[in-house]
Amino acid sequence: MSNQEINREEQKKQTQKLVHRLVMAIDEEPDKFNNYYDLGALLTRLNDFEQAEELFMKALGIFEKKSDAKAVNLLNYGLGNVYYSVGKTSEAIKQYNKIDDAKLKADSYLMLAQSYMKQKNYQQAVAYGLTAHDLRPQDPEINQAIGDSLLALGEFKQAKNYYDLILKRHPGRADTQFNRGLVAMVLGEPYQDYLNQSQQLDPDYYAQSEKRISDIEHFLQKQSGQDK
């Protein structure tokens with residue numbers, strides 16, 4: 001058995017132990033909603049979506065009867081994440097829209113923005129992204145969602161502002177560096193350093209995204225052809 005296989009086997013054992021521990025925690029304290037959320041979130045990360053959905057639905061049934069708003073908000077968020085992960089974005093949006101807990105608002109607005117991005121409804125994505133931004137202006141995930149939506153809408157100057165905001169504090173993001181490079185191409189700015197950074201940071205991401213460079217080049221060629 002190779003070292004990689006040994007590490008994978010060890011990780012699997014540790015994960016199984018953690019799942020077992022969380023199941024035991026629910027059995028011992030069935031009134032503690034965080035235990036249900038933690039197990040559901042772990043199952044979601046493990047791609048065990050069916051069990052995660054079942055658990056969140058069961059927990060919601062318990063805590064809705066108790067009229068425990070804090071629990072219901074968190075569990076709705078968890079269930080929304082399950083639906084988002086499997087591509088059921090309309091279902092995810094329904095769950096996120098139920099959330100009225102102040103502590104979860106920024107997260108739920110971000111997930112709404114990302115859900116609308118998946119649906120290619122970029123105007124709505126920008127609207128929810130900006131609402132999340134009002135609550136957490138320095139959050140790189142929120143700024144990335146806004147920047148990417150603006151980029152998709154062709155609002156390149158606005159997208160640039162949000163990417164620059166991220167890169168001040170988080171220069172190690174391959175996706176931000178890459179998209180900032182695309183924006184720079186369109187705006188006639190030096191762009192190669194951004195693309196080089198992205199390639200160095202995450203060669204796989206760069207390889208998957210490289211076609212977008214030629215798409216932008218074709219877009220610019222068309223634009224210059226129309227300008228003549």
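**View 1. Asp 215 and Lys 211 are joined through their side chains by a polar contact of 2.9 Å.** The view is taken from a predicted model. Asp 215 lies in helix α13, which comprises residues 211–227. With a relative accessibility of 36%, Asp 215 is classed as partly exposed, because this value falls between the 20% limit for buried and the 50% limit for exposed residues. The C-alpha atom of Asp 215 is separated by 9.8 Å from that of Leu 182, the two residues being 33 residues apart along the chain.

**View 2. Helix α10 spans residues 174–187 and is mostly covered.** The helix has 14 residues, and the distance from its first C-alpha to its last is 20 Å, close to the 20 Å expected at 1.5 Å a residue. Of these 14 residues, 12 are buried. The buried set includes Leu 182, whose C-alpha atom also enters the separation of 9.8 Å from Asp 215. Among the other buried residues of α10 are the polar or charged side chains' positions Thr 176, Gln 177, Asn 179 and Arg 180, together with Phe 178, Val 183 and Met 185. Gly 188 follows the helix and has a positive phi, near 75°.

**View 3. Asn 81 occupies a buried position in helix α4.** Helix α4 covers residues 69–85. Asn 81 has a relative accessible area of 17% and is therefore buried, the limit being under 20%. When neighbours within four places in sequence are left aside, Asn 81 is in contact with Tyr 37, Thr 44, Tyr 96 and Met 111.

How values were computed
Residues are numbered from 1 along each chain as its sequence is written. This is a predicted model: local features need pLDDT of at least 70, side-chain atom pairs count only at pLDDT 80 or more; totals for chains, interfaces and linings use all residues. Side-chain values use heavy atoms; hydrogens and water are left out. Helices (H or I, at least four residues) and strands (E, at least two) are DSSP runs, numbered from the N terminus. The expected span of a helix is 1.5 Å times one less than its number of residues. Buried means under 20% relative accessible area, exposed over 50%, partly exposed in between (1.4 Å probe, protein chains only). A polar contact is a pair of N or O atoms within 3.5 Å; within protein, one must be able to donate a hydrogen and the other to accept it, and residues adjacent in sequence count only if both atoms are side-chain atoms. Contact means heavy atoms within 4.5 Å.
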